[in-house]
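Work through the exercises below with the sequence and the 3D view at hand. Each task is followed by a solution in steps.

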Amino acid sequence: MKQTLVIILTIASLQSSAQAWNAQQCMQYAVEHNHEVKRAALELDNHKAAKTAAIGRFLPTVDASVGGQYNFGRAIDPETNGYTDVSTFYNGYSLQASLPVFDGFSRIHALRTAKAGMLMGCAALRQEQDQTALNVLQAYTNVAYYERLVEMAGEKVQEMLLLLSQVRLLEEVGRRSCADVAQVESQKAEADYELIRQQNLLASSMLELKKEMGFPLSEELSVKSEEFATAIPVSSLHSLSPKDSSLFTLNSSLQLARYQMQASKHEWHQARAALFPSLSLSAGLNTTYYHTLHSSSTQAFHTQFKNNMGEFVGASLTIPLFNRLQTITGIRRAKNNYRIACENYEQKRLELEKLSREAWQDWRGYLKQTEQMAKKVKADSIAYQLTRRQFEEGLATAVDLRTTSSQLLNSKATLLQCQLMAMVKKYLVRYYRGESIWE
């Protein structure tokens, strides 16, 4: 029975470890299931539809119509074109097509605007995907951070439990006083409190991660927190140096601003097209059928349909003269919008370069801090082991043991934080360079 239980627990642990998610898997899942990303994808489809509509403006317009009416009382006889008091039935058919020949290049600029809008939609979708991935990465690091803190707090509880049993044995043989036992019990209670607090923080951070991912809140999710604990060499800094400013143009937010500037420019040119005359051609067919009620001398339908057939071809030239300054004010607004888009692009470029350099500097700083904190953790661990040995031999007090223990725990937490922040800053540097962080 014991062997069966051990086998079941081993299989369960292997399955849980196999189902643990790394940061890349969490970001990919979020990009596929996040609601903001789905809305951005639908907006992109609207931009594609706008481009299709702009292409359709180059095609002719074809209309067909069918009409019928009964005339009662005094009316015009379609056969003699004179007045009659006889009731008649009139039926008309028409087919016409029109094609704009020249409109001041408005359709060309509208198509260019639609193309820029589609590219803008692609950039907006990529920006939303990147932002979602960054939010998930931040939530993932919080979960990894609190998981490691829970592990350290659990180790601290086990260690204090063992120390408490040792102190009680030393009290029985007279080598420790009741005050020493009370101080160790206080430290044990403090360790239990810290463990419960970190567990609550872990549960809250896990809920935040599931929300950012679009993951069902009722299902279990485990992460691979150990992937952040690996040391990153400082020499890798040179591979992602922000000295080349041309790399910033690949960033999705900067591309979005650039395409917005292009769309505003074409909208400005499209507004200026209203100053030019427009020329359009049209052609069509029409025929009629009429029947005098209570009369047997009416020609057959197919005969009238053929004999009454008529064709027409026409051209229309429209010259804008005065429309209460609407065209001038529209051009002015479009030009100002283009200038605003240019300013937004320059501002976004400077802001992106500044954030990229800051992220690179922070990454370099956290890597160096990680190296120093690793040395500090090693030194604090030695100091704690020596103090505990002295405490067991009666050469140190419980206060000294508590001080060195807290110092070691804080050093470990700071080291973990530096490792996690170094990883986050590395992803940020890649994001600002225009690289995909979730694919």
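A salt bridge here is a side-chain nitrogen of Lys or Arg within 4 Å of a carboxyl oxygen of Asp or Glu. This is a predicted model, in which local features need pLDDT of at least 70 and side-chain atom pairs count only at pLDDT 80 or more, while totals for chains, interfaces and linings use all residues. Residues are numbered from 1 along each chain as its sequence is written, and side-chain values use heavy atoms, with hydrogens and water left out.

**Exercise 1.** Decide what joins Glu151 and Arg148, and how they are placed in their helix.

Step 1. The closest N and O atoms of Glu151 and Arg148 are 2.5 Å apart, and the pair forms a salt bridge.
Step 2. Both belong to helix 4 (helices are DSSP runs of H or I, at least four residues, numbered from the N terminus). The two are three residues apart, so about one helical turn separates them.
Step 3. Take the accessibility classes: buried is under 20% relative accessible area, exposed is over 50%, and partly exposed lies in between (1.4 Å probe, protein chains only). Glu151 has 40% and is partly exposed; Arg148, with 26%, is partly exposed.

**Exercise 2.** Treat Arg126 and Asp130 in the same way.

Step 1. Their side chains meet in a salt bridge of 3.6 Å, N to O.
Step 2. Helix 4 covers residues 106-172, and Arg126 and Asp130 are four residues apart in it, so about one helical turn lies between them.
Step 3. Arg126 is partly exposed at 27%, whereas Asp130 is buried at 3%.

**Exercise 3.** Which parts of the chain does the pair Glu185 and Arg168 link?

Step 1. Glu185 forms a salt bridge with Arg168, with 2.9 Å between the closest N and O atoms.
Step 2. Glu185 is in helix 5 (residues 178-213) and Arg168 in helix 4; the pair is 17 residues apart and links distant parts of the chain.
Step 3. Glu185 is partly exposed at 33%, and Arg168 is partly exposed at 39%.
Step 4. In addition, Glu208, Lys211 and Glu212 form one network through salt bridges that share partners. The whole structure has 18 salt bridges.

**Exercise 4.** Check the length of helix 9.

Step 1. Helix 9 spans residues 398-432, which is 35 residues.
Step 2. The expected span is 1.5 Å times one less than the number of residues, which gives 51 Å for helix 9.
Step 3. The end C-alpha atoms are 50 Å apart, which agrees.
Step 4. Just after helix 9, Gly434 takes a positive phi of about 90°.
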